[in-house]
Amino acid sequence: MWKRLFKNKMAVIMMSLIALVAVLGIFAPLFAPNDPYENNILNKFAGFSAQYPLGTDQLGRCILSRMIYGIRPTLFLSLITMAGTIGLGCIMGLLAGYFRGPVDEIIMRAVDVMMSFPSQIMVFAVVALLGIDVRNVILANVLIKWAWYARMIRTNVMKYRDKNFVLFSRCIGSGEGFIMVRHLLPSVAAEMAVLATLDIGWAILNISTLSFLGLGVQAPTPEWGAMLNEAKNVMTTNPVQMIAPGLAIVILVAAFNLLGDALRDALDPKEVQA
């Protein structure tokens with residue numbers, strides 16, 4: 001699988017791009033040319049220069065520095081969201097697909113209820129109920145999206161639960177937990193990786209959207225969606241301010257989507273041959 005993945009030029013380019021963005025975010029103090037919180041109202045809307053490579057915003061803050069620091073909430077909160085979503089969805093999907101019967105019925109009915117509502121409306125409802133806070137945004141996304149993963153993982157688990165290697169493990173007296181963790185979980189891990197990679201883009205868009213609407217990351221913390229929210233107020237006087245965060249979101253989401261496609265092709269070569 002990995003050999004096929006690394007032979008895919010698009011996959012290598014996208015992984016390199018994502019890794020570069022992650023490194024910039026982790027070591028933001030080393031790469032940012034200025035303090036992202038430093039205000040200088042006399043220097044607002046400054047043009048491109050060596051000191052301010054992308055200019056300054058309406059408060060005279062360095063846009064490039066805020067872009068670099070904004071990687072942390074935009075990307076890393078999305079990764080945390082996906083980790084929580086996959087974790088909860090995986091547990092529920094494994095239990096439903098392996099035990100079937102009443103366990104399956106209870107979990108699947110809960111999944112049906114969660115999936116019967118528009119996800120974005122449910123996110124707004126949860127955030128409104130719990131309060132405006134980035135932790136509540138993550139919690140809301142996890143609570144809404146886990147049901148979709150649970151259903152997908154349950155379907156995959158049902159394909160493997162009666163395979164010979166699982167039946168043999170039961171015959172020799174292996175416990176249910178051992179079978180799920182050592183046999184079924186690795187069997188569905190590849191599909192989970194593809195789904196997660198494709199959905200990280202969704203998480204980035206969701207967190208950026210909520211921040212843009214004032215329900216996610218709050219000012220003055222730099223975050224790409226929040227930066228777009230600030231830029232819309234000066235769109236007529238300084239339209240360039242919207243380009244950097246908007247373009248960054250598009251590129252990063254596209255990178256994860258293209259990487260997910262490449263990973264799917266590497267896991268299923270028949271897709272390429274078809």
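A cavity is a set of grid points where a 1.4 Å probe fits but cannot get out. In this predicted model, the largest cavity holds about 50 Å³ of space. The chain around it has 274 residues, of which 43% count as buried. Here's a tour of the overall build, the empty spaces, a buried acid, a buried glycine and the salt bridges.

**Overall build**

- The protein chain has twelve helices and zero strands.
- Reading along the sequence, you get α-α-α-α-α-α-α-α-α-α-α-α.
- Along its principal axes, the C-alpha trace spans about 75 × 45 × 35 Å.

**The cavity**

- How do we find empty space in a protein at all? Rolling a probe the size of a water molecule over the atoms shows where empty space is left.
- The structure holds one cavity of 30 Å³ or more.
- Its lining is made up of Asp 57, Ile 63, Arg 66, Met 227, Glu 230 and Gln 241.
- Sort those lining residues by type and you get two nonpolar, one polar and three charged.
- Helices H4 and H10 each supply at least two residues of the cavity lining.

**The largest pocket**

- About 290 Å³ of space lies in the largest pocket.
- The pocket is lined by 15 residues, and the closest to its centre are Val 21, Leu 24, Ile 71, Trp 224 and Ala 248.
- Three elements give two or more residues to this lining: helix H2 (9–26), helix H4 (63–99) and helix H11 (240–267).
- Which helix gives the largest share of the pocket lining? That's H11, with five residues.
- The pocket lining has 15 nonpolar residues, no polar ones and no charged ones.

**Glu 223, a buried acid**

- You'll find Glu 223 in the loop between helix H9 (176–212) and helix H10 (224–232).
- Glu 223 is buried, yet it has no salt bridge.
- How far away is the nearest side chain of opposite charge? That side chain belongs to Arg 66, and it is 8.9 Å away. A salt bridge needs a side-chain nitrogen of Lys or Arg within 4 Å of a carboxyl oxygen of Asp or Glu.
- Glu 223 does have polar company, though: its side chain makes a polar contact with the side chain of Thr 74 at 3.1 Å.
- The side chain of Glu 223 also reaches the backbone nitrogen of Ala 226, at 2.9 Å.

**Gly 25, a buried glycine**

- Gly 25 is found in helix H2.
- Is Gly 25 buried or exposed? It counts as buried because its relative accessibility is 0%, and buried means under 20%.
- Gly 25 and Gly 70 are 45 residues apart along the chain, while their C-alpha atoms are separated by 7.5 Å.

**Salt bridges**

- Side chains of opposite charge can pair when their charged atoms come close.
- The count here comes to eleven salt bridges.
- Asp 104 forms one of them with Arg 100, and the closest N and O atoms are 3.5 Å apart. Asp 104 is buried, with a relative accessible area of 5%, whereas Arg 100 is partly exposed at 30%.
- Asp 112 and Arg 151 meet through their side chains in another salt bridge, at 2.3 Å from N to O. Asp 112 lies in helix H5 (residues 101–115) and Arg 151 in helix H7 (residues 134–160), so this pair ties together parts that are 39 residues apart in sequence.
- Both ends of that pair get the label partly exposed: Asp 112 has 29% relative accessibility, and Arg 151 has 31%.
- The side chains of Arg 135 and Asp 133 also meet in a salt bridge, at 3.0 Å from N to O. Arg 135 is exposed, with a relative accessible area of 63%, while Asp 133 counts as partly exposed at 24%.
- Which residues do shared salt-bridge partners join into one network? They are Asp 57, Arg 61, Arg 66 and Glu 230.
- Some of those names should ring a bell: Asp 57, Arg 66 and Glu 230 are also among the residues that line the largest cavity.

Definitions and conventions: Residues are numbered from 1 along each chain as its sequence is written. This is a predicted model: local features need pLDDT of at least 70, side-chain atom pairs count only at pLDDT 80 or more; totals for chains, interfaces and linings use all residues. Side-chain values use heavy atoms; hydrogens and water are left out. On a 1 Å grid over the protein atoms alone, a cavity is a set of points where a 1.4 Å probe fits but cannot get out, and a pocket is an open set with protein on both sides within 12 Å along at least five of seven lines; lining residues have an atom within 4 Å of a point. Grid points are joined across faces, edges and corners, and a volume is the space filled by probe spheres set on the points. Helices (H or I, at least four residues) and strands (E, at least two) are DSSP runs, numbered from the N terminus. Ala, Val, Leu, Ile, Met, Phe, Trp, Tyr, Cys and Pro count as nonpolar, Asp, Glu, Lys and Arg as charged, and the others, Gly among them, as polar. Buried means under 20% relative accessible area, exposed over 50%, partly exposed in between (1.4 Å probe, protein chains only). Lys and Arg count as positive and Asp and Glu as negative; His and the chain ends are not counted. A polar contact is a pair of N or O atoms within 3.5 Å; within protein, one must be able to donate a hydrogen and the other to accept it, and residues adjacent in sequence count only if both atoms are side-chain atoms.
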